[in-house]
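Student: Hi! I'm new to this one and would like a walk through it. Could you help me find my way around?
Tutor: Happy to. Have a look first, then ask away.

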Amino acid sequence: MTKRRVSWRLVTCLSSPKFSLNVLYLLVTLFLLLQIWSFHITIQPILLPPSLLTYLNHHHQQQPEVFHNETAYLVEKLRESVTFLPLKDLRYSNKPLEGHTWFMSSLYDNQTKGEVQYQEFPSESSKGRLLCLKGFDDHDGSWNYYALAWPQALPVNATLKKGLTFVSYNHYDYGNMWHGLSSMVPFVAWSLRNQCEKPQRWVLYHWGELRFNMGNWLNEIIRATYGQELDILRFVDEKTPVCFEKAVVMRHNEGGMSRERRIEVFDLIRCKARNYCNISSSKTSKPRIGMTLLMRTGPRSFKNVSAVTDVFERECKRVEGCELKVAYSNNLTFCEQVELMRNTDVLVSPHGAQLTNLVLMDRNSSVMEFYPKGWLKLAGVGQFVYQWGANWSGMRHEGSWRDPVGETCQFPDNDRRCMSVYKNAKIGYNETYFGDWARNVLGKFRVRTTEDVVVRNRDGCRC
């Protein structure tokens, strides 16, 4: 038989109906046998050694306790794993105020365009963790620390502070009226956006170093704004962490805030200060135009106070309804300063912290500022803070006069070493220039009052 014939017979056999039926019967039989075997195995008891059965039954009965122990173990490990980092990160000492700053450098701020930059704990960005602080060094911020911890797993020996805590970073000084106020403004802005919420306490840092007091003027401003005494937290020792049920951290002052938001804040501060001092905001209780010479003693004071006073008094008398007052802020209580600014429409003053009072005037009031020789070239951008402050609080900065005459420096005028000579120098005067300038400012203000541009504060405050 040839190979071709054998192949043909094999193909014919496989393709026959009888062969197909036989294959089908075989498959069905195998399926039924497998099903019977499977059912038989399932209903048979599982035979295990008696000792193993006893262990499994005992483990099942003890499961809740085991679960509890495992949870406690994990919580303890979380507590031990909380990592404290230096508040002042020396890696960023060359750019301490940029981006995340050198204060709490591992964390980033929350910010919406035009709003204040801040951090809040707990929050979505902190994954529900609380802020914890440790250390009480007031000379080196790198020896004070921060960490984030879960509420159920706070660091060992930690104290939990209930309520809202404001944590403030100030790169400059809480004693200076302007620098202190700049560090407070973002907190007031945050409160305005959060149902006027008040802090139970404050934690103050300067370069990561703890501070325990503020200047009296700023203290009074905070007391007036929040209607309560200022409580500044003091840490027990360097090893005991303090965690906060809720904390808000500010480290950029007003950075990122729009002018509209800043004006809202200063409107509230002004209104609260007047209410705190029981000073009416009604239009009938003040002169038609109030001009105030707010003087200084010592550095950056006028060399000839009487001559300067005579110039402004003469120009004020030429304007109907104008009243001139001469005052020294260091001789006035906080409420006396608030009342003085309430009655001031044109503020005349040398550059200095006393000019911070300008935020307490009615909106659209005017400011005239004076500098000693040398400041324009050497003082840096900080010399413009009251120009910015006037704009941010809704006032009008009417320019500055810079004394061209002053102390002689042994170095060239643009040498920064000369700033030590010019910084605390006294200011002369130019009778003609001062007279023309005062006449112009008073004239513009008088026009604004007739056009009803000056905005008077209402007695009712937003918060």
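Student: Let's start with Asn253: buried or exposed?
Tutor: Asn253 is buried, since its relative accessible area is 16% and the cut-off for buried is under 20%. Keep in mind that this is a predicted model.

Student: Where is Asn253 in the fold?
Tutor: Asn253 sits in the loop between strand 8 and helix 7, the helix of residues 259-276.

Student: And which residues does Asn253 touch?
Tutor: Leaving out residues up to four places away in sequence, Asn253 touches Val116, Tyr169, Ser182, Ser183 and Pro186.

Student: You mentioned strand 8. Which strand does strand 8 pair with?
Tutor: One partner is strand 3: the two run antiparallel and share three bridges. Strand 8 covers residues 242-250, and its Val242 is the bridge partner of Leu133.

Student: What about strand 3 and strand 4, how many bridges there?
Tutor: Five bridges, again in the antiparallel sense, with strand 4 made of residues 145-149. For instance, Lys134 has Tyr145 of strand 4 as its bridge partner.

Student: Why is strand 3 largely enclosed by the rest of the structure?
Tutor: Strand 3 runs over residues 130-134, and five of its five residues are buried, so the rest of the structure largely encloses it. Both faces are covered: Leu130, Cys132 and Lys134 are buried on one side, Leu131 and Leu133 on the other.

Student: Okay, new topic: the largest nonpolar core. Which residues touch the most other members?
Tutor: Leu181 and Leu358, out of the 52 residues in that core.

Student: Which elements supply that core?
Tutor: At least two residues each come from strand 5 (159-169), helix 5 (177-192), strand 6 (201-206), helix 6 (216-226), strand 8, helix 7, helix 9 (334-342) and helix 11 (385-392). Helix 5 gives the most, with 10 residues.

Student: Can we zoom in on Leu181? What does Leu181 touch?
Tutor: Not counting residues up to four places away in sequence, Leu181 touches Trp217, Leu218, Ile221, Phe266, Ile269, Thr356 and Val359. Apart from this core lies another, of 23 residues, including Ile289, Leu293, Met368 and Leu442.

Student: Is there a general reason why nonpolar side chains end up in cores?
Tutor: In soluble globular proteins, nonpolar side chains tend to be buried together.

Student: Let's move to helix 8. What are its basics?
Tutor: Helix 8 spans residues 305-317, so to speak 13 residues, and reaches 18 Å from its first C-alpha to its last, close to the 18 Å expected at 1.5 Å a residue.

Student: Which helix 8 residues are buried?
Tutor: Ala307, Val308, Thr309, Val311, Phe312, Glu315 and Cys316. Their cover includes strand 9 (289-295), strand 10 (322-328), strand 11, strand 12 (366-371) and helix 13 (431-450).

Student: Strand 11 came up there. Where does Ser349 lie, and what does Ser349 touch?
Tutor: Ser349 lies in strand 11, which covers residues 346-350. Beyond residues up to four places away in sequence, Ser349 touches Leu294, Gln354, Leu355, Met368, Glu369 and Phe370. Ser349 counts as buried because its relative accessibility is 0%.

Student: Last topic: how many disulfides does the whole structure have?
Tutor: A search finds six disulfides. Counting bonded cysteines along the chain, the pattern is 1-3, 2-12, 4-11, 5-8, 6-7, 9-10.

Student: What does Cys316 of helix 8 bond to?
Tutor: Cys316 forms a disulfide with Cys322, with the sulfur atoms 2.0 Å apart. The torsion about the S-S bond is about -110°, so this disulfide is left-handed. Both cysteines are buried.

Student: And Cys196, which residue is it joined to?
Tutor: Cys196 is joined to Cys463, S to S 1.9 Å. The pair links distant parts of the chain, 267 residues apart: Cys196 is in the loop between helix 5 and strand 6, and Cys463 is in the segment after helix 13. The link is left-handed too, with -75° about the S-S bond.

Student: Are those two cysteines buried or exposed?
Tutor: In between: Cys196 is partly exposed at 26% relative accessible area, and Cys463 is partly exposed at 29% relative accessibility.

Student: What about Cys409, what is its partner?
Tutor: Cys409 forms a disulfide with Cys418, their sulfur atoms 2.0 Å apart. Both Cys409 and Cys418 are buried, and their link is left-handed, with -85° about the S-S bond.

Notes:
Residues numbered from 1 in each chain as written. Predicted model: local features only at pLDDT ≥ 70, side-chain atom pairs only at ≥ 80, totals over all residues. Heavy atoms only, no water. Helix = DSSP H or I, 4+ residues; strand = E, 2+ residues; numbered from the N terminus. Buried < 20%, exposed > 50% of the residue type's maximum accessible area, 1.4 Å probe, protein only. Contact = heavy atoms within 4.5 Å. Pairing = 2+ DSSP bridges. Expected span 1.5 Å × (residues − 1). Core = buried A, V, L, I, M, F, W, Y, C linked by side-chain atoms within 4.5 Å. Disulfide = S-S within 2.5 Å.
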